[in-house]
Amino acid sequence: MKTIYLDHIAATPLLPAAREAMLPYLAEIFGNPQSRHQRGRIPREAIQQAREEIAQLIHCEAREIIFTASGSEANNLAIKGVLASGQKKGRHIITSVIEHFSVAHPLKHLEHKGYDITWIPVDKTGRVRPEDVAAAISEETILVSIMHANNEIGTIQAIQEIAQITQEAGALFHTDAVATVGIIPFDVDELGVDLAGFSSQQFYGPKGVGALYVRRGTRLSPLVEGGIQEEGRRAGTENVAGIVGMGAAAKEAKNQVPIENTRLSRLRDGLIDGLLRRVSVLHVTGDRQNRLPNIASFAAEYVDGEALVRVLEKQGIIAASGSSCSADALKISPVLTAIGYSGNVAQGGILFSLGTQTCNDDIDAVLSIFPACVEEIRRVSPLYAMRIGGTTP
Amino acid sequence: MEFPIFMDNHSTTPVDPRVMEVMIPYFTKAFGNSASRNHSFGWEAEKAVDRARGQIAQLLHCQAKEIIFTSGATESNNLAIKGAAEMYHEKGNHIITVVTEHKAVLDSAKRLERDGFEVTYLPVESDGLVSLEAVKDAITDKTILISIMMANNEIGVIQPIAEIGVIAKEKGVLFHCDATQGVGKIPVDVQAMGVDLLSLSAHKIYGPKGIGALYVRKRNPRVRIAPLIDGGGHERGMRSGTLNIPGIVGLGEACEICEKEMTEEAARMKRMQQRLQSLIMEGLDEVYLNGHGEKRLPQNLNMSFAYVEGESLLMGLKEIALSSGSACTTASLEPSYVLRALGVGSDLAHSSLRFGLGRFNTDEEVDYVAKRVIETVIRLREMSPLYEMAKEGIDLKSVQWAEH
């Protein structure tokens, strides 16, 4: 049985070109980039090249990139670093209710410490309305942090408008771009962002490396200090191989994004439309138009998402019930709750994330296998039996 | 012999081919996210992480659950110090550390000072060791944390960790140890040493860069630290972010190899270190060993060559990768703060070289390096009027320098 891997949002296989680029830096080119002897020079130059490749992917300058160990670290650094730098005075921060934990949790922590956080709600499609941000923003606002696209429901936010509102109010704008950089076009100037956190492994680079874009002139205090690496903004011996791999993946992504965007969007729509036709009481989650090309997400009634994932794997399909980014197996996704699904429907979250190797046949296979899997679970659901029998529970 | 000869193993080490081999499958084949709880890709990644945790625990004599993965020792040090300070600040605001610590510790301490903490920076003796009396005397009822490194990255001296552990325990103070240079080279036992938090890094022990760990004691006492990186709650909530699976697998394997081979390897390193030291000492006068003669890593040799600039010496030894100071601070031409703390004058501090022996160095390389160091020092001294004057018996301190 062929395995159809549709959980690219949790993890991607390393791009072969990235792997090839990395291997020498795990073997013979092992110097410490900060060493001044010749063993340090080549790794130092390799890091610079990767920095430039990544800068090209998001249309910024190489020196505006800070390497981190993950997208989570990048988001933490952005938020805590901006506040600690004291560049702007004030106690108010604006964010949304569907942010990734690496944004939501630091902000909750700051809220306990006395910061004033406005949690902007989203509509049924998961969109933050820019006018809500405009209404909440004030002179006290230091930072606005709104994710570019949601990793569970695929909704892409109106970042450009929100960033402009933020800029006009004199606050800094941060976006968690983990789900978008390397997947859809990303231009820091066009979007108007001051800080953007992203991760290598979302676009087929290695795990263990991420980056934060910091617009030139933005002051930032380090989270990890005690070394001159990354111009003192992130200390610690550089993960040279990881950075090189991320650079190679960024280079590939720059070429592939336009092509893959079209191809994946078509596959995604085929999957969404096909499943909606084939399965009853199944809801697509997120915005149908402003949507990541690689995300097909649903809430299935009378189904437990985790059980469904396991049943699907028996049929060779790897999917997710929601975000994998929480170590605690959360039964109910806060994102699905935020877009208005109540407990038992939100429990039926199912998320397919497509990737470079996903093809038409894979989608067809899911279309033919998925309905029976849902049926298998619903068969043992007394609530579903009542529904079929015409009684309302 | 292959050139350049790498004798800078305190700055970093090459990945052991055996480590590399176990990492490779986790890049492309078993590429799952260990936090994916419901499918086999996630389980396989989780299994690999658990195995590595066990391998590290074995080397440190702790439980697997007490290991928190980080991106390296710098992050571990930041996390331990800032995390403990934030968690226990209501108990007290005093921290004790030592002037010869790595910058990751010193800069974290400085950050806390700006946030209202009080930090005591203990001095060291001329051999680089901290005095136990000084540690004891520095503790107040406000002290929440002592942070002292196991082995120094520049001069290799090994601090009396177990004794400090006893003091810390007696006083009910948490004890963090930056063991970046000690783990894998000398025996580490967090139980016997009474360490509560311990930092380590993979790339100093023939593992990959970009991965490290922090040991966080779970029992007697149960140590809690606030995270630096907050999010999905990975690593018991102390360090969020998708785990670097190949890196973790590599760190685990590197630890297992060290555990198995440490006794034999340390003996071999000691022999090479002594050979290097005696060859150089025999070949040159006015060479000074920095740091304690015995209580030092078998891999380390740090020497000052009077009347010679360390930088010029390095220039003359281009085919050998060595360091004249800690790699993390080499962008500045300040004399090493570690050597200055030992009371080494700035002239001698500027004339120091750090030799870091490692697993892949050979006796042949040791002989070659000794020979080239001797040649180069002699050549440079021939050009040094100061050396000439000193040889003629003129006390340089008595020289009246003319002003231009």
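A:Glu225 counts as buried, at 7% relative accessibility. The model is predicted. In it, A:Glu225 faces two basic partners across the chain boundary, and the report starts there.

**A:Glu225 and its partners**

A:Glu225 meets B:Lys82 in a salt bridge, at 2.7 Å from N to O. This pair crosses between chains. A:Glu225 sits in the loop between β8 (210–214) and α8 (240–278) of chain A, and B:Lys82 in helix α4 (residues 73–88) of chain B. B:Lys82 is also buried, at 11% relative accessibility. A:Glu225 makes a salt bridge with B:Arg111 as well, at 2.9 Å from N to O. The count of salt bridges between chain A and chain B is four.

**The interface**

The contact takes 65 residues from chain A and 65 residues from chain B. Together the chains bury about 5200 Å² between them, and 55% of that lies on carbon and sulfur atoms. A:Leu26, A:Phe30 and A:Glu225 supply 14% of the area that chain A buries against chain B, more than any other three residues. Polar contacts between chain A and chain B come to 21 residue pairs, with both residues at pLDDT 80 or more. On the side of chain A that touches chain B, the elements giving two or more residues are α1, α2, α3 (71–85), α4 (101–112) and α9 (305–314) of chain A. Of these, α4(A) gives the most, with five residues.

**Aromatic pairs**

Over all chains there are 10 aromatic pairs. In one of them, the ring centres of A:Tyr5 and B:Phe41 are 4.8 Å apart. Their planes stand at 55°, so the pair is tilted. The pair crosses between chains, from strand β1 (residues 4–5) of chain A to helix α3 (residues 40–60) of chain B. A:Tyr5 and B:Phe41 are buried. With B:Phe31 they form one aromatic cluster.

A:Phe30 pairs with B:Phe6 in an edge-to-face arrangement, 4.6 Å centre to centre with 85° between the planes. A:Phe30 lies in the loop between α1 (16–26) and α2 (38–58) of chain A, while B:Phe6 lies in strand β1 (residues 5–6) of chain B, so this pair joins two chains. Both A:Phe30 and B:Phe6 are buried.

**Charges over rings**

A:Arg91 lies over the face of A:Tyr115, 4.1 Å from the ring centre. In chain B, the charged end of B:Lys103 sits over the ring of B:Tyr337, at 4.4 Å from its centre.

**Salt bridges**

Over all chains the count is 38 salt bridges. Four of the pairs are listed here, including the two made by A:Glu225.

| Salt bridge | Closest N to O |
|---|---|
| A:Glu225 – B:Lys82 | 2.7 Å |
| A:Glu225 – B:Arg111 | 2.9 Å |
| A:Arg63 – A:Glu61 | 2.9 Å |
| B:Arg354 – B:Asp8 | 3.1 Å |

A:Glu61 is partly exposed, with a relative accessible area of 29%. B:Arg354 is buried, at 2% relative accessible area. Its partner B:Asp8 counts as buried too, at 0% relative accessibility. B:Arg354 lies in strand β12 (residues 352–356) of chain B and B:Asp8 in the loop between β1 and α1 (17–23) of chain B, so their salt bridge ties together parts that are 346 residues apart in sequence.

Chain B also holds a network of salt bridges that links B:Asp16, B:Arg18, B:Glu261, B:Glu265 and B:Arg359.

Technical notes
Residues are numbered from 1 along each chain as its sequence is written. Chains are lettered from A and ligands numbered from 1 in the order in which they are written. This is a predicted model: local features need pLDDT of at least 70, side-chain atom pairs count only at pLDDT 80 or more; totals for chains, interfaces and linings use all residues. Side-chain values use heavy atoms; hydrogens and water are left out. Rings of Phe, Tyr and Trp (its six-membered ring) pair if their centres lie within 6.5 Å; planes under 30 degrees apart count as stacked, over 60 as edge-to-face and the rest as tilted. Helices (H or I, at least four residues) and strands (E, at least two) are DSSP runs, numbered from the N terminus. Buried means under 20% relative accessible area, exposed over 50%, partly exposed in between (1.4 Å probe, protein chains only). A charge sits over a ring if NZ of Lys or CZ of Arg is within 6 Å of the ring centre and within 35 degrees of the ring normal. Contact means heavy atoms within 4.5 Å. Buried area is the accessible area (1.4 Å probe) that two parts lose on being put together, summed over both. A salt bridge is a side-chain nitrogen of Lys or Arg within 4 Å of a carboxyl oxygen of Asp or Glu. A polar contact is a pair of N or O atoms within 3.5 Å; within protein, one must be able to donate a hydrogen and the other to accept it, and residues adjacent in sequence count only if both atoms are side-chain atoms.
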